[in-house]
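Hi,

Here is the structure I promised to pass on. Have a look at it first, and then read on for my notes.

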Amino acid sequence: MPLQSTARKTRWQLVAYLCAALVLMPLLVLLISWQDIDQQIWGHLLQTQMLRLISNTLWLIAGVAAGVILLGVSLAWLTSLCDFPGRRWLDWALMLPFAVPAYVLAFVMVGLLDFAGPLQSLLRDWFGNDFRLPPIRSTGGVILTLVLVFYPYVYMLARSAFLAQGRGLMEASRILGQTPWQGFWRVAIPMARPAISAGTALAIMETLADFGAVSVFNYDTFTTAIYKTWYGFFSLQSATQLASLLLLFVFLALFAERRAQGRNKRFPANDKPRKGALYRLKGPLAWLASGYCLLVLAIAFVIPVGQLLFWLLSSGIADLDSRYWGLIRNTLTLGGIAAALTVSVAILLVLAQRLQPIRRVRSAVALANLGYALPGSVLAVGIMFFFSYLDNHLVVPLQAWLGMANPAPLLLGGLFALLLAYLIRFMAVAYGPLDTSLARIRPSLPEAAQSLGQPGWVVFWRIYVPLLLPGILSAALLVFVDVLKEMPATLLMRPFGWDTLAVRIHALTTEGDWTRASLPALTLVLVGLLPVIVLIRRSGRH
Amino acid sequence: MSFTRNLVALTLAATAFTSVAQAKELVVYSSRQDHLIKPVFDMYTEKTGVEINFITDREAPLMARLRAEGANTPADMFMTVDAGNLWQAEEQGLFRAVDSATIKENIPAHLRSSNDMWTGLSLRARTIAYSTERVNPEELSTYEALADDSWKGRVCLRTSKKVYNQSLVATMLESIGEEKTTEVIQGWLANLATPVFSDDTALLKAIDAGQCDVGIVNSYYFGRLHKAEPDVKVKLFWPNQEDRGVHVNISGAGVTKHAKQPEEAIKLLEWMTTEEAQRVFADVNMEFPANASLEPSAEVATWGDFKADNVNIEVAGRRQPEAIMLMDRLGWN
């Protein structure tokens, strides 16, 4: 590429390395933890826990991956290419479960479906005392719950991919004698594969990092072991060592995914997106499609929200006071700033990858995306150590040197530390949609602009940003909603007075007070609904 | 004259500023939740004008933060639940010794650190809950007896990841030894009616619904459930009355080593052991006051009087790793 100057190359490389360094900073703490090893704890873990933890974790990942692909792809295919009663609103409504935090759905599912819950009690009244449903506190129950909260990642990305494939392609495959079914498998799916695997990767990373939901089920995973080692043995060191192993696993998985994708060619979008459905389902088939979509929506969203509402009404809304406005305001402010910050950095990252597709940059980008798989508390601890080190060795001595009266730490306990935690944690969430969006921009376009003598920043603002806009919006909304739901990092790093709705849910659920937690939980879901609806409706248009 | 006026205004502003900066303000890190501490702190602020800023999280992250902040921590007090956690915080050197006659007079010695690093503020009993429909209280005697075959398929337990169970097992290790404790836990696990629960409230509801007949829970969870659903078919039983007594645990607090205002923090801690504060602190969570001169609330008193295990509660911390490893080995998840 003669158009690229060496200076520009270096600049983009630098951007990628800086982003990677940002993520590496807390990860460094994980590595430092390996200085010495607590043999007693490790011996214990290896002898009594490890095998079960690994097998539990693998089952969970396999189950969640299979589930989110099955639900996400089938629902996306139906709502984006077929027509059936209710399609127009199911199209966006199927995204609503994204507003429900995993830990909230978990406690609703257990509360609703366990032996003592209302459903089984009712069934016992009808069918006698020996009636049992399959136990919800089981591997199947955890997988079901996580699939229901995480399938929207796949749904959203697969749906955009299907919509972007345009009309001509599937029609061509039909003309060539393929049945719709063959067209689905041979044309639509391979083309949507990058989107599907990006969505699945997000779901898996969420699953690996999840602590709140699995602990409601008391399902032991690698992540619960990290927390147990920390909270029980008070060995933060062994806990971070475990966390670094988890991270290594994620890194390898992501690497494999990238390799696999590298072999698949990416297809630029059809210039004329499809208008209207391709397949008009009729008769029983149409009703089957409606029924299927409705069922998923009911189980993942309508019933859980109904249960929360019921708890809220039965426990009374005595807790609702002016403090709630503060909680909502804090939640929204944090979400907004974090979204803007994360998306800005992620744009730089996708561009660096695009403009400097060399191995070192690719590795840096992969590194920068790792934060998502890290359990929130572990990440927060990494950042906390780093900042308190700076505070103790730089900020406070500096204040003293300047002769300030009461030198005090500024970084830790400040908003900046918390925002940085969000940035590191949710980089991958913003990266996905931006990357997909960028892949659809033909390289010829910015190249043409450059050959016309436009400087880099003009190309950036007038070519990339406008064309990336759908991706930017999706990324921002995704990060926004994820920050609303985030709990562990917020708990540890929030400044005084910055309690959020998630913090409030934590306060009540740690006390086992699930019915009272329905108020903040419901509020959180409601606050998240609007951005989710905008997100999905917006991504339908082109 | 305008120069003088400006000067005066400036001085006033400066005074106002410094007086704001010096307004008494304490910082508390707490793993006892917001709604259980705020009423007491609000009382103190009203009484003394001292503002209390607090941040809540789980105990381990808060301890990690205290340690990381070191000498620069803004925290004056660390408050947590479970003696195991208090002991751990003491081990990590997060507290300073507070030699206070008031505290010593108000709180019995076995509920305090032997080095005066922390004090218990409220008591909870981890005891047996039983179904009033399917269990005759005469069948019940001790924690250990729940390991008998007669309880096969009738027992519910909470996860061993919860520190309350870790403390219970740690004190069992201390009083009946490892061999006997192992047998008992094996028996409990063999008698389980359903996989262990992640919280006590769910466990109590399972007894009420008929999934199991007995379980081990903290007293205040029963109090809360009973308050919300008065006709719940579950009652509390006080085990081991013939020998060591019911396992009790505490919530408590200590002044941090690097407190910026240790005198103020000590005053707050002392005040929290007084009857006035103890009343609210214990009652808001249906716990027993740690101050021995105070009766439990009328509601809590209806559960009956009991003999409590007076083993020094520090054992819960010292033997916690041992307890966890034992439970792990035996498959109590």
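**What turned up**

Let me start with one tryptophan: not counting residues up to four places away in sequence, A:W230 is in contact with A:S235, A:L236, A:A239 and B:A60. Bear in mind throughout that this is a predicted model. A:W230 sits in helix α10 of chain A. Is this residue buried or exposed? A:W230 counts as buried because it has 26 C-beta neighbours inside 10 Å, and the cut-off for that label is 20 or more. There is also a long jump in sequence to look at here: A:W230 and A:V378 are 148 residues apart along the chain, yet their C-alpha atoms are separated by 9.8 Å.

The contact with B:A60 leads on to how the two chains meet. In total, 39 residues of chain A are in contact with 42 residues of chain B. On the chain A side, the elements giving two or more residues are α2 (39-81), α9 (212-216), α10 (222-231), α15 (376-401) and α19 (488-493). Which of these gives the most? That is α15(A), with 8 residues. Sorted by class, the side of chain A that touches chain B has 20 nonpolar, 13 polar and 6 charged residues.

Now over to chain B as a whole. You will find 13 helices and 9 strands in it, and its C-alpha atoms fill a box of roughly 95 × 40 × 35 Å along the principal axes. Of the 333 residues in chain B, 52% are buried. If you take the contacts in chain B with a separation of 6 or more, 80% of them are between residues 24 or more positions apart.

Chain B is split into two domains, and each of them is made of two stretches of sequence: domain 1 covers 2-123 + 250-301, and domain 2 covers 124-247 + 306-330. The C-alpha centres of the two domains of chain B lie 31 Å apart. Where they meet, 19 residues of domain 1 of chain B are in contact with 17 residues of domain 2 of chain B. On the domain 1 side, α4 (83-91), β4 (119-131) and α11 (298-301) of chain B each supply at least two residues. The most comes from α4(B), with 6 residues. By class, that side of domain 1 of chain B has 8 nonpolar, 8 polar and 3 charged residues.

One last spot to zoom in on is a pair of tyrosines. The unreviewed UniProt entry carries the annotation "binding site" on B:Y220 and B:Y221. B:Y220 is in helix α8 (residues 219-228) of chain B, and B:Y221 is placed in helix α8 of chain B too. Why do they count as buried? B:Y220 does because 22 other C-beta atoms lie within 10 Å, and B:Y221 because 25 other C-beta atoms lie within 10 Å.

And what do they touch, leaving aside residues up to four places away in sequence? For B:Y220 the partners are B:R124, B:N285, B:M286 and B:E287. For B:Y221 they are B:D200, B:T201 and B:L204, plus A:G512 from chain A. If you want a place to begin in the viewer, try B:Y221 with A:G512, then A:W230 with B:A60.

Cheers

Technical notes. Residues numbered from 1 in each chain as written. Chains lettered and ligands numbered in written order. Predicted model: local features only at pLDDT ≥ 70, side-chain atom pairs only at ≥ 80, totals over all residues. UniProt positions renumbered as here; feature names shortened; annotations may be inferred. Helix = DSSP H or I, 4+ residues; strand = E, 2+ residues; numbered from the N terminus. Buried ≥ 20, exposed ≤ 12 C-beta atoms within 10 Å, placed from the backbone. Contact = placed C-beta atoms within 7 Å. Nonpolar A, V, L, I, M, F, W, Y, C, P; charged D, E, K, R; others polar. Domains from an automatic or database assignment.
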